[in-house]
Amino acid sequence: MLIDTHCHIHDKALFKLPPEDALSHMHANGVGKCIVIGTYPADSAEACDFAQKYPEVWWTYGYHPNEYDGNSNKLTSDLKSASAGILKNTKLVAIGEIGLDYHFDGYNRDWQRHLLERMLQLAQDYKLPVSFHVRDAYDDFWPIFDNFHIATSVLHSFSDSEENLRQGMKRGLYFGVNGLATFANIPHPPLERIVFETDAPFLTPKPFRGTINKPGYVKNIADWACNYYAVDSGEVAKITTRNAEKLFNI
Ligand SMILES: [Zn+2]
């Protein structure tokens, strides 16, 4: 059995397929569980609702760095109402996605760092792991990360340098491996530190590029891993599923 640790199939604006179809395709491909990822407070509430409907789905409370408008009073009140409400939900498995994204101009970096610190405090208070989104920003990310005591966490969609792979290894982090591995030239973490994800509807793996990504395509990422690491499919599933179950306690 395989697991999709990062997808957005609860988000109707992003994911245009009927969720029931995606879930039955998921099971047909040997993917038994998935985690839907919140990207701002209202979206996280939708992820929570979605997870209540399906036994094989868990959810995260997140705030993507490109979604924050710098209003820290609003952030305070959002986090307060989440603490009084949905953060008590038993299917909540992580904080995220949170992080820093310097890839595109036009997103205030001070605001991003402020948001990351606030969300890391939340993860620390709740003793929850984090699904990190870090893009072109590791030099600023590590010093902030090192200021907190966070449960073992994952760098979602890792595609940065060998050096930052080493930095993540050193801190005991896991690496989210998705369709990028099947077509992009990126560093590959050891299998013992990998969890699979799709980031559906984005980053569709080979041979389905150009179509909507869905959790069942973890199967194709696992096929890639069998080939790359020269291990059989049972072993790939055993290691990555054990990693995901341990990391997210699912
Ligand atoms: Zn994502």
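**Reading contacts and helices in a predicted model**

Author: Lys74 and Asp78 are four residues apart in helix H3, which places them about one helical turn from each other. The model is a predicted one.

Reader: What do the side chains of Lys74 and Asp78 do?

Author: They meet in a salt bridge, with 3.1 Å from N to O. To call such a pair a salt bridge, look for a side-chain nitrogen of Lys or Arg within 4 Å of a carboxyl oxygen of Asp or Glu.

Reader: Is each partner buried, partly exposed or exposed?

Author: Buried means under 20% relative accessible area, and exposed means over 50%. Lys74 has 44% and is partly exposed. Asp78 has 14% and is buried.

Reader: How many salt bridges are there by this rule?

Author: The count is eight salt bridges. One of them joins the side chains of Lys33 and Glu245, at 3.0 Å from N to O.

Reader: Which parts of the chain does the pair Lys33 and Glu245 tie together?

Author: Lys33 belongs to strand E2 (residues 31-37) and Glu245 to helix H9 (residues 233-248), so this pair links parts that are 212 residues apart in sequence. The relative accessible area of Lys33 is 15%, and Lys33 is buried. Glu245 is partly exposed at 26%.

Reader: How far apart in sequence are Asp223 and Lys219, and in which helix do they lie?

Author: They lie in helix H8 (residues 218-229), four residues apart, with about one helical turn between them. Their side chains form a salt bridge at 3.1 Å, N to O. Asp223 is partly exposed, with 35% relative accessible area, and Lys219 is partly exposed too, with 32%. Elsewhere, salt bridges that share partners connect Asp110, Arg113 and Asp140 into one network.

Reader: What describes two packed helices?

Author: Two values are used: the angle between the axes and the distance between the axes. In this model, helix H4 (residues 109-126) packs with helix H5 (residues 138-145) at an angle of about 30°, and their axes are 11 Å apart. The crossing of H4 and H5 is right-handed. On the H4 side the contact is made by Arg113, Leu116, Glu117 and Leu120, and on the H5 side by Asp140, Phe141, Ile144 and Phe145. Two of these names, Arg113 and Asp140, also occur in the salt-bridge network with Asp110.

Reader: Now a single charged residue. Where is Lys91?

Author: Lys91 is in the loop between helix H3 (72-84) and strand E4 (92-101).

Reader: Which side chain of opposite charge is nearest to Lys91, and how far away is it?

Author: That side chain is Glu56, 6.5 Å away. A salt bridge has to fall within 4 Å. Lys91 is buried and has no salt bridge.

Reader: What does the side chain of Lys91 reach at 2.7 Å?

Author: It reaches the backbone oxygen of Val57. A polar atom of the Lys91 side chain also lies 2.8 Å from the backbone oxygen of Ala51. Leaving aside neighbours within four places in sequence, the residues in contact with Lys91 include Gln52, Tyr54, Pro55, Trp58 and Trp59.

Reader: Where is Thr241, and is it buried or exposed?

Author: Thr241 lies in helix H9. Its relative accessible area is 7%, and Thr241 is buried. A polar atom of its side chain is 2.5 Å from the backbone oxygen of Met1. Beyond its neighbours within four places in sequence, Thr241 is in contact with Met1, Leu2 and Ile3.

Reader: How far apart in space are Asp199 and Ile37, C-alpha to C-alpha?

Author: They are 8.8 Å apart in space, with their positions 162 residues apart in sequence. To read such a pair, set the separation in sequence beside the distance in space. Asp199 is placed in the loop between strand E8 (194-196) and H8. At 9% relative accessibility, Asp199 is buried. Apart from neighbours within four places in sequence, Asp199 is in contact with His6, Cys7, His8, His156 and Asn178.

Reader: How far apart are Glu162 and Phe248, in sequence and in space?

Author: Glu162 and Phe248 are 86 residues apart in sequence and 26 Å apart in space, C-alpha to C-alpha. Glu162 lies in helix H6 (residues 162-170). Its relative accessible area of 45% makes Glu162 partly exposed.

Key
Residues numbered from 1 in each chain as written. Predicted model: local features only at pLDDT ≥ 70, side-chain atom pairs only at ≥ 80, totals over all residues. Heavy atoms only, no water. Helix = DSSP H or I, 4+ residues; strand = E, 2+ residues; numbered from the N terminus. Buried < 20%, exposed > 50% of the residue type's maximum accessible area, 1.4 Å probe, protein only. Lys, Arg positive; Asp, Glu negative; His and termini not counted. Polar contact = N/O pair within 3.5 Å; in protein donor to acceptor, adjacent residues only side chain to side chain. Contact = heavy atoms within 4.5 Å. Axes fitted to C-alpha atoms, helices over the stretch in contact; angles between N-to-C directions. Left-handed = near helix turned anticlockwise from the far one by under 90°.
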